[in-house]
Amino acid sequence: MLADVVGQDHLLGADGLLSQMLRRNTLPSLILWGGPGCGKTTIARLLAREAKLRFEQISAVFSGVADLKKAFETASRFQQETGRGTLLFVDEIHRFNRAQQDGFLPYVERGTVILIGATTENPSFALNGALLSRCQVLVLNRLDDDGLDRLLQRAEAESGQSLPLTIEARAALRAMADGDGRYLLNLVEQVQALPEGTHLDTAGLATVVARRAALYDKDREEHYNLISALHKSLRGSDPDAGLYWFARMLEGGEDPRYIARRLTRFAAEDVGMADPSALPLAIAAWETYERLGSPEGELALAQLVVHLATAPKSNAVYRAYNQARKLARETGSLGPPHHIRNAPTRLMKDIGYGKGYEYDHDTADGFSGQNYFPDEMDRVALYQPTDRGRESEIRKNLDRQAAIRASRRP
């Protein structure tokens, strides 16, 4: 029964979305998005049973256009003969190309099939807009520890065999599954197949079963989720979270050079002039990794993570640069004022190039206060330093210079 599915109460609980749909007898086409082992296939089968629909399953990994055509023809014939609909479950639907996905549209629109697609990939990227507009996307959660424990107890009850594990080893077994219920049940079968009289603690368990590999694909959504988590943890000045996401990416097989590049960008964008040492330290950490390689060089990147997280933050240069680019596009080809133009020839001197230029080093404060913007535009204050870190001193100096500049105005 649907009520027996664990971990998806937001969909299958008394007030869950799917429960409400079934009560109203209005089951639309759906995309079930979730990680491996969270119950997508099981939910699709149970939905077909609850809605009294014929169930047919295909996999996008092994199926092509001919298989789809056959499935649609069978569903049409079944509907004509019995008046009942078909729930077509398509596993790994994101593996169909866009043309194949378009093939679903007329059959979904006519109600020939109720499409239930299962995907581990973000539907926004993996599925085309036309198909998404005709389906409702439901997000399935990875199983938490309570849900995994319920599966453990249910497996023991079904088999009539308790797991020969200590309390700590049971917890370790759940952790090894990493939120994947199917993987957990596979682990249970391995443990139950051990010779009679076996009793395992955590260390013993690790010798007979393997931890599930962490979900991470360097060219898919999880890659971007984790680098975003690292970036935002550093921006939020949390070195502990920063180190955690850094380690998660390394454990998932990420290239440390990619992380080094992103950390260097962070030093320029988010730390900036509040701590001018951050950028050279980023380059130094990157070069250290290149010289030492893994795993020794990764410590330098870890040091950089901590430095960036604990450094004062300012994106004033980043904002100023973006505003400067916008201003450059708006003002076109305005030339610099004559007094700061170079005059290598007599003609240039005769027409006023360099005339009136003041050499700042010769002034009393090392600051002349001259205008360096085009004569045709007003001065624009692009760089607005914060009062954090080194920028607090920079702000004081810029304020002093602004006062000198104002005193020169006619």
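This report describes an annotated region, one helix, the nonpolar cores and the enclosed and open spaces of a predicted model.

## The annotated region

An unreviewed UniProt entry lists residues 26–143 as "domain: AAA+ ATPase". Over this stretch, the chain is 41% helix and 23% strand. The C-alpha atoms at the two ends of the region are 27 Å apart.

## Helix H17

Helix H17 covers residues 298–310, a run of 13 residues. At 1.5 Å a residue, this helix should span 18 Å, and its end C-alpha atoms are 19 Å apart, so the two values agree.

Several residues of H17 are buried, including Leu 301, Leu 304, Val 305 and Leu 308. Glu 298 also belongs to the buried residues of this helix, as do Ala 300, Ala 302 and Ala 309.

## The nonpolar cores

The largest nonpolar core is made up of 26 residues. Leu 308 of H17 is one of those with the most contacts inside it, together with Leu 230, Leu 234, Phe 246, Met 249, Ile 259 and Leu 263. At least two residues of this core come from each of the helices H13 (221–235), H14 (239–251), H15 (256–271), H16 (278–292) and H17.

Which residues does Leu 230 contact, leaving aside its neighbours within four places in sequence? They are Gly 242, Trp 245, Phe 246, Met 249, Ile 259 and Leu 263. Apart from the largest core lies another, of 23 residues, and among them are Leu 11, Leu 12, Ala 44 and Phe 89.

## The enclosed cavity

Rolling a probe the size of a water molecule over the atoms shows where empty space is left. In this structure there is one cavity of 30 Å³ or more, and the largest cavity holds about 40 Å³ of space.

The lining of the largest cavity consists of Ile 227, Leu 230, His 231, Leu 234, Arg 262, Leu 263 and Phe 266. H13 and H15 are the elements that give two or more residues to this lining, and H13 gives the most, with four. Leu 230, Leu 234 and Leu 263 therefore appear both in this lining and among the residues with the most contacts inside the largest core.

## The second largest pocket

The second largest pocket has a volume of about 540 Å³. It is lined by 24 residues, of which Gly 37, Cys 38, Gly 39, Thr 42 and Leu 185 are the closest to its centre. Two or more lining residues come from each of helix H3 (40–50), helix H9 (145–159) and helix H11 (181–192).

Terms used:
Residues numbered from 1 in each chain as written. Predicted model: local features only at pLDDT ≥ 70, side-chain atom pairs only at ≥ 80, totals over all residues. Heavy atoms only, no water. UniProt positions renumbered as here; feature names shortened; annotations may be inferred. Expected span 1.5 Å × (residues − 1). Buried < 20%, exposed > 50% of the residue type's maximum accessible area, 1.4 Å probe, protein only. Core = buried A, V, L, I, M, F, W, Y, C linked by side-chain atoms within 4.5 Å. Contact = heavy atoms within 4.5 Å. 1 Å grid on protein atoms, 1.4 Å probe; cavity = no way out; pocket = protein on both sides within 12 Å on 5 of 7 lines; lining within 4 Å. Points joined across faces, edges and corners; volume = space filled by probe spheres on them.
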